[in-house]
Amino acid sequence: MSVLDQTLLPEKEEYIEVRDIEQTWDLIHRLSIRGAISIGIAAVYGVVIEMKKYLEEPVEVYRKKLQETIDYIASSRPTAVNMFWALGHMREAAKACEGENNVICQQKLEETAGWIADYEANTGISIGENAFSYTNAYRISIPRSVEYISWSAVKECDSLDYIN
């Protein structure tokens with residue numbers, strides 16, 4: 001997983017290659033990953049990445065480590081509502097594959113993480129589209145200092161009034 005280090009914005013755009021749950025925890029905790037949607041998506045993919053390490057372990061070890069991993073990443077930002085929502089779906093995926101082998105469970109986790117990412121991205125896009133239709137309809141002025149917004153489509157909008 002590659003994530004944008006948001007602590008460096010707007011001066012620098014740098015991506016970090018995430019390799020394990022500890023690194024994911026650290027990035028969320030120190031605010032390198034910001035925004036409800038991004039935090040939730042990073043958390044679930046952090047779980048997926050970590051659990052690949054345990055595919056060859058006995059099922060009991062894999063399941064125990066899965067619960068520990070979800071609990072651990074949840075501690076990175078105790079107030080992140082979207083992250084807890086997303087991790088709840090990962091817990092449900094784990095329950096749904098009880099009795100299955102680790103490979104099947106891993107596939108279910110990956111599918112669930114993909115669904116969460118798609119859902120959150122589509123929700124964010126809808127929120128952005130609605131916000132911009134509202135600002136356009138009511139000609140709300142946006143301060144020029146608001147230059148960076150996560151969704152690149154937002155940058156394309158040229159019909160906003162700016163306060164200098």
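## Exercises on a predicted model

L109 touches V48, M51, Y62, L66, M90 and A93, when residues up to four places away in sequence are not counted. The structure used in these exercises is a predicted model.

**Exercise 1.** Find which residues have the most contacts inside the largest nonpolar core, and which helices supply at least two residues of this core.

*Solution.* Begin with the core as a whole: the largest nonpolar core has 33 residues, and those with the most contacts inside it are I28, V47, L66, I73, L87, M90 and L109. Next, turn to the helices, where helix 1 (21-29), helix 2 (36-51), helix 3 (59-74), helix 4 (81-96) and helix 5 (102-138) each supply at least two residues of this core. Finally, look for the helix that gives the most to this core, which is helix 2, with 7 residues.

**Exercise 2.** Describe the order of the elements along the protein chain, and state what share of its residues is buried.

*Solution.* First, the secondary structure of the protein chain comes to 6 helices and 4 strands. Reading from the N terminus on, these elements follow the order β-β-α-α-α-α-α-β-α-β. Then take the chain's 164 residues, of which buried residues make up 37%. As a last step, consider the contacts between residues at least 6 apart in sequence: 57% of these contacts join residues at least 24 apart.

**Exercise 3.** Decide whether the pair W25 and Y72 is stacked or tilted, and do likewise for the pair W85 and W115.

*Solution.* A search of the whole structure finds 4 aromatic pairs, and the two pairs named in the task are taken in turn. The ring centres of W25 and Y72 lie 5.8 Å apart and the ring planes stand at 20°, so this pair is stacked. W25 belongs to helix 1 and Y72 to helix 3, 47 residues apart, and the pair therefore links distant parts of the chain. For W85 and W115, the ring centres are 5.9 Å apart and the planes are at 40°, so this pair is tilted. Here too the pair links distant parts of the chain, with W85 in helix 4 and W115 in helix 5, 30 residues apart. With a relative accessible area of 31%, W85 is partly exposed, and W115, at 41%, is partly exposed as well. To complete the picture, W85, W115 and Y119 form one aromatic cluster.

**Exercise 4.** Explain why the buried residues of helix 1 can be said to line one face of the helix, and name the elements they pack against.

*Solution.* Start by listing the buried residues of helix 1, which are I21, T24, W25, L27 and I28. Seen down the axis of helix 1, these residues fall within an arc of 165°, so they line one face of the helix. The buried residues of helix 1 pack against strand 1 (2-4), strand 2 (15-17), helix 2, helix 3 and helix 4. Now examine the ends of this helix: D20 caps the N-terminal end, with a side-chain oxygen 3.2 Å from the backbone nitrogen of E22, while just after helix 1, L31 takes a positive phi of about 65°.

**Exercise 5.** Determine whether V59 is buried or partly exposed, and list its contacts beyond four places in sequence.

*Solution.* First locate V59, whose place is in helix 3. The relative accessible area of V59 is 32%, and because buried means under 20%, V59 counts as partly exposed. Setting aside neighbours within four places in sequence, V59 is in contact with E100, N101 and N102.

Note on methods. Residues numbered from 1 in each chain as written. Predicted model: local features only at pLDDT ≥ 70, side-chain atom pairs only at ≥ 80, totals over all residues. Heavy atoms only, no water. Buried < 20%, exposed > 50% of the residue type's maximum accessible area, 1.4 Å probe, protein only. Contact = heavy atoms within 4.5 Å. Core = buried A, V, L, I, M, F, W, Y, C linked by side-chain atoms within 4.5 Å. Phe/Tyr/Trp six-rings, centres within 6.5 Å; stacked < 30°, edge-to-face > 60°. Arc of directions from axis to C-beta. Polar contact = N/O pair within 3.5 Å; in protein donor to acceptor, adjacent residues only side chain to side chain.
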